[in-house]
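Biologist: Let us walk through this structure together. Where should we begin?

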Amino acid sequence: MFPTHRPRRLRSHPWGREMARETRLHPSMLIEPCFVREGSGRRDPVGAMPGVFQVSIDSLVKDCGAARDAGIGAVILFGIPGAKDAVGSQGYAEDGIVPRAIRALKKEHPALYVIADVCLCEYTDHGHCGLLPKDPRAGAVLNDPTLELLAKESVAYAQAGADMVAPSAMMDGQVGAIRRALDARGFEHLPILSYAAKYASGFYGPFREAAQSAPQQGDRRGYQMDPANAREALHEVALDLEEGADMVMVKPALSYLDVIRRVAERSPVPVAAYNVSGEYSMVKAAAERGWIDGERIAMEILTSIRRAGADVILTYHAREVARWLAKDR
Ligand code: PBG
């Protein structure tokens, strides 16, 4: 008898396919990124990201209520301040946009898990993730002086009631500096999600419009990782774990599934993957043209990120995925 083996047998009935499924998506594994701006009643569409908005705090409270009702696990906040300066002071101001947003969210939705992104690029007028030297010809973003500001920013978010902070500036030692600052102020229980392996990626293009954070000069290759490197990601993860990271992230996700896999195989802590803005916009743009089935492709991409080993996924598709999953049930 030939063929002897027929894997198709279990694929022929929906029950067989369901039973044999190795990877699943659930809204609780998704984290929704939110862009919060000044004003009230604002819902300004982000041109390159259909379905994504810059929202004022009142609108954010409504959106996050909807996200929580849809079963989304958590939200991560990015602030768009009213004013920027060379040191990004609105990032660590106690009454800055993000601390006010956190307070409003924790008041209205105490059970919602609120993560705060910690970086300077949304708050600096030059758009870099850290401080620049006085003499612009000196070039490189300063590492150690930036650590102090990232630590201050984290403390401001902790004091406002954030459930977790997520440093994304790719400064060496940032997790350790933040851990020490949090511990010194009684926030030793507050976890850190480290953007451990964050690449200098063209896929962040639409985000920089959404967060108004494009560098005015130069690029981020002096601090973010080279897309050609995978072994280096393991080094970054090991250092962040040593410094006290409670979770580690790989970012972007889709072009870095091999990195997610390698990190997941070794990581003793949960692994997050960031399905970034450019990955989202590509799907939306092709779907708008009728070239692909947007829902099917988004689900396939997110499933592949889970299959690669991510425990949680940060994705702009979060709420629509929750809707699609509910419809299938
Ligand atoms: C930096 C930060 C960036 C993203 C998240 N945090 C942008 C950057 O490094 O330029 C990108 C996320 C996305 O593209 O969706 N604070």
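**Helix α11 and beyond**

Modeller: This is a predicted model. Just after α11, G309 has a positive phi of about 130 degrees.

Biologist: Which residue caps the start of α11 with a side-chain oxygen within 3.2 Å of the backbone nitrogen of E295?

Modeller: Look at the start of the helix. There, the backbone nitrogen of E295 is reached by a side-chain oxygen. That oxygen belongs to D293.

Biologist: How far does α11 reach from its first C-alpha to its last?

Modeller: Helix α11 covers residues 294-308, which is 15 residues. At 1.5 Å a residue, 21 Å is expected. The model comes close to that, with a reach of 21 Å.

Biologist: Which elements do the buried residues of α11 pack against?

Modeller: Start with the buried residues, among them A298, L302 and I305. Their partners include helices and strands. They are α9, β9, α10, β10 and α12.

Biologist: Which helix gives the largest share of the largest nonpolar core?

Modeller: That core has 86 residues. I305 is among those with the most contacts inside it, and so is Y157. Nine residues, the largest share, come from residues 144-160, helix α5.

Biologist: How many residues are in the second, separate core?

Modeller: This core includes V46, F78, I80 and M164. Its total is 27 residues.

Biologist: How much of the ligand's accessible area does the protein cover?

Modeller: Around the ligand are 18 residues. Y316 has a side-chain N or O atom 2.6 Å from a ligand oxygen. On its own the ligand has 410 Å² of accessible area, and the protein covers 100%.

Definitions and conventions
Residues are numbered from 1 along each chain as its sequence is written. This is a predicted model: local features need pLDDT of at least 70, side-chain atom pairs count only at pLDDT 80 or more; totals for chains, interfaces and linings use all residues. Side-chain values use heavy atoms; hydrogens and water are left out. A nonpolar core is a set of buried Ala, Val, Leu, Ile, Met, Phe, Trp, Tyr and Cys residues joined through side-chain atoms within 4.5 Å. Buried means under 20% relative accessible area, exposed over 50%, partly exposed in between (1.4 Å probe, protein chains only). Helices (H or I, at least four residues) and strands (E, at least two) are DSSP runs, numbered from the N terminus. A residue is near a molecule or strand if one of its heavy atoms lies within 4 Å of it. A polar contact is a pair of N or O atoms within 3.5 Å; within protein, one must be able to donate a hydrogen and the other to accept it, and residues adjacent in sequence count only if both atoms are side-chain atoms. Accessible areas come from the Shrake-Rupley method with a 1.4 Å probe; for residues, only the protein chains shown count as cover. The expected span of a helix is 1.5 Å times one less than its number of residues. Contact means heavy atoms within 4.5 Å.
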